[in-house]
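Colleague: I am new to this structure. Could we go through it in a few questions?

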Amino acid sequence: MPHPLAGKPVPKERLIDTAKLVADYFYLDKDLAPISFGTSGHRGSAAKKSFNEAHALAISQAISEQKNQDPLFIGVDTHALSTPAKMSALRVFAANGVQILHSTKPTPTPLVSFAILEHNKKGAKSDGIVLTPSHNPPEDGGYKYNPPNGGPAPTEVTTSIEKRANEILKKRNYRTLSYEEAAECEGIEEYDFITPYVEALASIVDMEAIAGSSIKLVADPLGGSAIGVYKAIKERYLPDLVIQHDWVDYTFSFMTLDHDGKIRMDCSSPYAMASLLQTKENFDLAFANDTDADRHGIVTPVGGLMNPNHFLSVAIWYLFTHRSWPKGLKIGKTFVSSSMIDRVAKDLGVEVYETPVGFKWFAEGLYEGWLGFAGEESAGASFLRKDGSVWTTDKDGIIMGLLAAEIKAKLKDPALLYQELQAKFGQSFYERIDVPTDSKTKQRIKAINPKRLHLDILAGEPITKIYTSINGMPVGGIKIVAPNGWIAIRPSGTEDVYKIYAESFLSKEHLRQLQQEAQQIVREII
């Protein structure tokens, strides 16, 4: 059940004390939590001693020791701890002689990926970091690393960084300069991330068709790093674009509370997006992003806030029927994404490449150009340019919003297109449940042995497949499949929760039965 205040304005007493948070970041230095790179980098909070200056210094030192001589790009979102973490990182990188390209403005994750790829077309091997906890609550901080292919770092890279960073954290043996000294170093240069990205948008989305239509569009960066990007898009292509929440508020007081009563900038949550949903009748299409703009939320008058799986299905159908891409491209999807994608892909005659959760599994396919589209059920996706060349190898919530606008401008409301997919392939009943838990339970779920479950039937149907790995990659949990439904259970890589995913192509009642049986499996594991 959602929290009683879910979808309601944030009470003043729930707003963070940013001064204390930043003070905790710089001054709490004893008994710190270890560094842990989850699904998407290291995340934590200063008050909980899991994201403090020593963490940022240690991670930066570990990266410096493994770094080549080409420049490193830095992005930063609008969480209160992100700028302090960037300042700490610059102190270490400058002391280690690392060349830095950064901006004084907030810089989204996809723009860092784009900049890396554009720069490396000349033969360089530049990489990057983004200081962001993504959609996490305002008190959190985060540190992500992107290697020269522009995407999230693969497990072997983050494991190496994590191991070395914890060794450094324990001994505090990082090299640093003062921030003033670092800022004046010759190798620390400012870089314009926004202009090249915005100018290139016409190569991936039909900006001319959007601009030439009469549709009313709203972009909501949720006070995040995409603010400057949307202002540039408005100036360059779409003068009538309405931009909502286009100011930085480190408390994010304009948000509505998420399902669990927390402030969370999750653009795929109907509770967090309640204020935008209230105005859906006043425009033809709206799209929102989380604070580092790697996720998207699509709102239409017909469908309200579209379920991420629904829009992924529509986007796949549209792109593979309206782009002159090379033959043989595949669709990337995570194992917990809707089976509607599989049904659409089969009808298109396109192969699906299924992976564990984490966009890092798609980076190589996008970089090499054999994945035309890649997406996650948590509302993260990217795709190739019109000519079939790479755009970003990390999630890009900005182009997903603009793609929705292209679909609306050239065809119809994306929610209507999903209704047509349902009429053709069956109605999907899908839901994810996040359950608070501890690290011990998360480890037990991650190490689950299917043979010990002794399962033959799932929600009244014979089980056709049980797996804990796919395409040779461990999924960090389990998925159980029957003819008309499936369940998956996995621990979160970024929060202290485990997730239950379930999908039925029969009914809501069948979905509830699937969820109940998944919960029983967790009880048996515990």
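Modeller: One term is needed beforehand: a residue counts as buried under 20% relative accessible area, and as exposed over 50%. Note also that this is a predicted model.

Colleague: Leu222 has a positive phi although it is not a glycine; is Leu222 buried or exposed?

Modeller: Leu222, with a phi of about 50°, lies in the loop between β8 (217–220) and α9 (227–236). The relative accessible area of Leu222 is 2%. The limit for the lower class is under 20%, so Leu222 is buried.

Colleague: Is His454 buried or exposed?

Modeller: His454 also is not a glycine and has a positive phi, about 55°. His454 lies in the loop between α16 (439–446) and β18 (457–458). Its relative accessible area is 67%. The upper class begins over 50%, so His454 is exposed.

Colleague: What is the radius of gyration of the protein, and how does that value compare with the globule rule?

Modeller: The protein has 17 helices and 23 strands. For 526 residues the globule rule gives 24 Å, and the protein comes close to that, so it is as compact as a globular protein of that length. The radius of gyration is 22 Å.

Colleague: What share of the contacts between residues at least 6 apart in sequence joins residues at least 24 apart?

Modeller: A contact here means heavy atoms within 4.5 Å. Among contacts between residues at least 6 apart in sequence, the share that joins residues at least 24 apart is 69%.

Colleague: What percentage of the accessible surface belongs to carbon and sulfur atoms?

Modeller: The accessible surface of the protein is about 20,900 Å². The part that belongs to carbon and sulfur atoms is 49%.

Notes:
Residues numbered from 1 in each chain as written. Predicted model: local features only at pLDDT ≥ 70, side-chain atom pairs only at ≥ 80, totals over all residues. Heavy atoms only, no water. Helix = DSSP H or I, 4+ residues; strand = E, 2+ residues; numbered from the N terminus. Rg over C-alpha atoms; globule rule 2.2 N^0.38 Å. Areas by Shrake-Rupley, 256 points an atom, 1.4 Å probe, with all protein chains shown as cover. Buried < 20%, exposed > 50% of the residue type's maximum accessible area, 1.4 Å probe, protein only.
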